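Reader: I have a structure to look at and some questions to ask. Can we go through them one by one?

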Amino acid sequence: KQLGFSGEHMADRLDKVSHLELKSLDRLWRAHRVRNNLVHAPDFEISIAEARRALDDYSAFLKEIHVLE
């Protein structure tokens, strides 16, 4: 929301973003799907490799928007 993307939910906001605006868009979607599974699917299990990839994906997004260096 703070980046100016409109929408009620994260998925709504991501749907309105283009790859020209956000190079890490696919990675952010992938990480967001993992997040949703963790929050909404009680039986969801994640491997260490998947967790690391999700963290790397979020990190790539945060670096792109200059929140992380």
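Reader: Is Arg-30 buried, partly exposed or exposed?

Author: This is a predicted model. Arg-30 has a relative accessible area of 28%. Buried needs under 20%, and exposed needs over 50%. The value for Arg-30 falls in between, so Arg-30 is partly exposed.

Reader: Which residue forms a salt bridge with Arg-30?

Author: Look at the closest N and O atoms of the pair, which are 2.7 Å apart. A salt bridge needs that nitrogen within 4 Å of a carboxyl oxygen. The partner of Arg-30 is Asp-57.

Reader: How many residues apart in sequence are the parts that this pair ties together?

Author: Asp-57 lies in helix α3. Arg-30 lies in helix α2, so the pair ties together two parts of the chain. Their separation in sequence is 27 residues.

Reader: Which other residue forms a salt bridge with Asp-57?

Author: The structure holds two salt bridges. One of them joins Asp-57 and Arg-30. In the other pair, the closest N and O atoms are also 2.7 Å apart. There the partner of Asp-57 is Arg-27.

Reader: How many residues apart are Asp-57 and Arg-27?

Author: Asp-57 forms a salt bridge with Arg-27. This pair links distant parts of the chain, with Asp-57 in helix α3 and Arg-27 in helix α2. The two are apart by 30 residues.

Reader: Which residues are linked in the network of salt bridges?

Author: Asp-57 pairs with Arg-27. Asp-57 pairs with Arg-30 too. The network therefore links Arg-27, Arg-30 and Asp-57.

Reader: Is Asp-57 buried or exposed?

Author: The relative accessible area of Asp-57 is 1%. The cut-off for a buried residue is under 20%. Arg-27, one of its partners, is partly exposed at 32%. Asp-57 itself is buried.

Reader: Are α2 and α3 parallel, perpendicular or oblique to each other?

Author: Two packed helices are described by the angle between their axes and the distance between the axes. For α2 and α3 the axes are 8 Å apart, and the angle is about 135°. Roughly perpendicular ends at 115 degrees, and roughly antiparallel starts over 145. So α2 and α3 are oblique.

Reader: Is the crossing of α2 and α3 left-handed or right-handed?

Author: The two helices pack with their axes 8 Å apart. As α2 passes α3, the crossing is left-handed.

Reader: What pattern does the protein follow along the sequence?

Author: The protein has three helices. It has zero strands. Read along the sequence, the pattern is α-α-α.

Reader: Which residues form the nonpolar patch on the surface?

Author: Together the patch residues have about 250 Å² of accessible area. One of them sits in the loop between α2 (25-40) and α3 (48-64). That residue is partly exposed, with a relative accessible area of 31%. The patch is formed by Leu-38, Val-39 and Ile-46.

Reader: Which residue has a phi near 65°?

Author: The value is positive, and the residue is other than glycine. The residue lies in the segment after α3. It is exposed, with a relative accessible area of 70%. The residue is His-66.

Reader: How far apart in space are Arg-35 and Ile-65?

Author: Arg-35 lies in helix α2. Arg-35 and Ile-65 are 30 residues apart in sequence. From C-alpha to C-alpha, the distance in space is 20 Å.

Conventions: Residues are numbered from 1 along each chain as its sequence is written. This is a predicted model: local features need pLDDT of at least 70, side-chain atom pairs count only at pLDDT 80 or more; totals for chains, interfaces and linings use all residues. Side-chain values use heavy atoms; hydrogens and water are left out. Patches are made of residues with over 30% relative accessible area and no salt bridge: like charges are joined within 9 Å, nonpolar side chains (Val, Leu, Ile, Met, Phe, Trp, Tyr) within 5 Å. Accessible areas come from the Shrake-Rupley method with a 1.4 Å probe; for residues, only the protein chains shown count as cover. A salt bridge is a side-chain nitrogen of Lys or Arg within 4 Å of a carboxyl oxygen of Asp or Glu. Helices (H or I, at least four residues) and strands (E, at least two) are DSSP runs, numbered from the N terminus. Buried means under 20% relative accessible area, exposed over 50%, partly exposed in between (1.4 Å probe, protein chains only). Axes are lines fitted to C-alpha atoms, for helices over the stretch in contact, and angles run from 0 to 180 degrees between N-to-C directions. Angles under 35 degrees count as roughly parallel, over 145 as roughly antiparallel, 65 to 115 as roughly perpendicular and the rest as oblique. A crossing is left-handed if the near helix is turned anticlockwise from the far one by less than a right angle, and right-handed if clockwise.
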